[in-house]
Amino acid sequence: MGHFAVADYVIFAVLLAASMGIGLYHALSGGRQRTTQEFLMADRSMRCLPVSLSLIASFQSAVAIIGVPAEIYTHGTQYWFIGCAYILGLLIPAHVFIPVLYRLRLSSTYQYLEMRFSKAVRICGTLTFIFQTVIYMGLCVYTPAFALNAVTGFELWGAVLATGLVCTLYTTMGGLKAVIWTDVFQTVVMFAGQLAVIVVGVQQTGGVSEVWRKVREGNRISALDLNPDPTERHTFWTLGVGGIFLMLSLYGVNQAQVQRYLSARTEKEAVRSCYMVFPSLQLALALSCVMGLVMFARYCGEDHSDKLGTSSKDMVVYFVMDMLQGLPGLPGLFIACLFSAALSTISSAFNSLATVTMEDLIKPHFPTMTEARATLLSKVLAMSYGLLCLAMAYLTHLMGDSVLQVALKIFGMVGGPILGLFCLGMFFPWANSTGALAGLGAGLALAFWVGIGSIVTRSSSTRPLPPCRAVLLSDNMTTAIHAALLNVTLSRPSGLKRFYSLSYMWYSAFNCFTVILIGLIISFLTGPMKEEDVTPGTVYPLLGKLLCFLPEHLKKKLCCVTPLGHTVSKTVNGLHKKISPQRRYIKHV
């Protein structure tokens, strides 16, 4: 497709060197990562700006930068409506999940599950998260390596290895501080790379008015689709409502994101960082969508099948190299943008995987382990996960779906049940440990049944948009296209295949509600938990607030009055008094 000039290699090398330099700086400064508190939690001393930029970088992976433009190019701007989900998807974590988790002074999100339920629930939650993250990391490592291979001819698996090793080294050396500050640097590079492609693309296509004319004639500007059919791949409801649950599973209970909240100096800083993510996420979504529209306008009516593979992500990389050809440095900037997105997501995952493994699976069994040994083991874990994720990258190129769809399917299939588990604990005081385990098991079983069923049957209710050249032809051709679309609609699958056709954007919501429903049923059958047995501070008074019109004694009977305190200091002090005996018991066991 094209080749790097010297300037491109220089820019790309500067990105990797700067990331390594930040890791080295934090390895040699401050406490030199000698304690697990510094290595895994950044000494709980981070301010809201770096935390918020790190939250963006963790979510905005190379998968999104390549996947979203390809989605817009192929199916139009309907995907843009996922931006509506960002509002509640960030407000709810800011005012519900962060107050509960921050006041408990946790290191691992899954410590909450033991405090609320039992050790068995905590271990199951941890193992589920590890499984989800390791698979997703393979996707994140592979995507930018594919792009580098396409534009430079650099060996694909050599690029995979380079990505994984650089990321593993600076994560292992510098801990969470290095991860957060490299995220800040890499976020800037991401936005710069996308902006460069858009500006040059618009210029070469003939200006903003020409781009707008072509995308309108090409039917790529999607109207608000209020179709309630859950098997429709993208509608306002699947994106705007189903997307909320996807966002909650990411920004509410995912260890990689929660760990950043917990590293903030105060609860107020953590909440503020969540608010600051919103405009940046909207900007990132807008850049990716506009890039897809410019790409469509540039190639409207042209056939490039002889230059491309079968994947839509090929088209994005080809577009970038075609636009930036003859502009030394800009191809390197875009590839640096992809690698920045990948490195930030992967490093966050390595650090969070090391944290949950250390805190949830190792420390409880070795309570007398010295701080020095625990820190060394945490670094070894971060490095081991890095190498494991490299192996997972091999599976990615075997997948037939778009990278964006595969990524969101993974989050929906596994993140949905984890979200359901936390919601069950936080909002329903009578849910017990048996119900939580049964709910998680049922949620995961149903998730994999639907997810694997959809992959095997390859069912999709997406109505393909006609290509630009067809729309610009005669009315007869347009009529033929409408007839073809009608046939697609009439030949929709039925029965079990229709169940498998459920939009992947509903996976998180569907699996979350499955866990809650099964968990509550089993809890009531096995004896609901009494309010006095619930660890103080682990339940959010959602039902108490929703049923505020009821008298106090009725709310008490319904177990709606919960132990979450009104102020940070009061709650923390209360937690120390009531949880310490439990912790001593766990330590003794």
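L161 is partly exposed, with a relative accessible area of 44%. This residue sits in helix 8 and belongs to a nonpolar surface patch. The model is predicted. Helix 8 also supplies the largest share of the largest nonpolar core, 16 residues. The structure holds 10 salt bridges.

**Nonpolar surface patch**

- The patch is formed by L161, L165, L169, M383 and L387.
- Together these residues have about 410 Å² of accessible area.
- Two helices each supply at least two residues of the patch: helix 8 (156-205) and helix 16 (371-396).
- Helix 8 gives the largest share, 3 residues.
- L161, at 44% relative accessible area, counts as partly exposed because its value lies between the 20% and 50% cut-offs.

**Nonpolar cores**

- The largest nonpolar core has 152 residues.
- F97, Y112, Y251, F319, F334 and F428 have the most contacts inside this core.
- Helix 8 contributes the largest share of this core, 16 residues.
- A second core, separate from the largest one, has 6 residues. Among them are M358, I362, L381 and A382.
- In soluble globular proteins, nonpolar side chains tend to be buried together.

**Helix 12, an enclosed segment**

- Helix 12 spans residues 255-263, and 9 of its 9 residues are buried. The helix is therefore largely enclosed by the rest of the structure.
- The buried residues are Q255, A256, Q257, V258, Q259, R260, Y261, L262 and S263.
- At the start of helix 12, N254 directs a side-chain oxygen to within 3.0 Å of the backbone nitrogen of A256.

**A salt bridge between distant parts of the chain**

- E71 and R233 form a salt bridge through their side chains, at 2.6 Å from N to O.
- The two residues are 162 residues apart and link distant parts of the chain.
- E71 belongs to helix 4 (residues 62-75). R233 lies in the loop between helix 9 (208-217) and helix 10 (236-240).
- Both partners are buried: E71 has 5% relative accessibility, and R233 has a relative accessible area of 9%.

**Salt-bridge network in helix 9**

- E210, R213, K214 and E217 are linked in a network of salt bridges.
- R213 pairs with E210, their closest N and O atoms being 2.6 Å apart.
- R213 and E210 are separated by about one helical turn, because they are 3 residues apart in helix 9.
- K214 also forms a salt bridge with E210, at 3.9 Å from N to O.
- K214 and E210 are 4 residues apart in helix 9, again about one turn of the helix.
- An α-helix has 3.6 residues a turn, so residues three or four places apart point the same way.
- R213 is partly exposed at 38% relative accessible area, and E210 is partly exposed at 22%.
- K214 has 18% relative accessibility and counts as buried, because the cut-off is under 20%.

**E114 in helix 6**

- E114 is found in helix 6 (residues 111-116).
- E114 is buried, with a relative accessible area of 8%.
- Its side chain makes a polar contact with the side chain of R122, at 2.5 Å.
- The C-alpha atoms of E114 and S433 are separated by 9.2 Å. Along the chain, these two residues are 319 residues apart.

**S280 in helix 13**

- S280 is placed in helix 13 (residues 267-298).
- S280 is buried, with a relative accessible area of 17%.
- Beyond its neighbours within four places in sequence, S280 is in contact with I56 and F191.

**R105, a positive phi**

- R105 has a positive phi of about 55° although it is not a glycine.
- Most residues other than glycine have a negative phi.
- R105 lies in the loop between helix 5 (85-103) and helix 6.
- R105 is partly exposed, at 38% relative accessibility.

Definitions and conventions. Residues numbered from 1 in each chain as written. Predicted model: local features only at pLDDT ≥ 70, side-chain atom pairs only at ≥ 80, totals over all residues. Heavy atoms only, no water. Buried < 20%, exposed > 50% of the residue type's maximum accessible area, 1.4 Å probe, protein only. Polar contact = N/O pair within 3.5 Å; in protein donor to acceptor, adjacent residues only side chain to side chain. Patch = residues over 30% accessible without salt bridge, like charges linked within 9 Å, V, L, I, M, F, W, Y side chains within 5 Å. Areas by Shrake-Rupley, 256 points an atom, 1.4 Å probe, with all protein chains shown as cover. Salt bridge = Lys/Arg side-chain N within 4 Å of Asp/Glu carboxyl O. Contact = heavy atoms within 4.5 Å. Core = buried A, V, L, I, M, F, W, Y, C linked by side-chain atoms within 4.5 Å.
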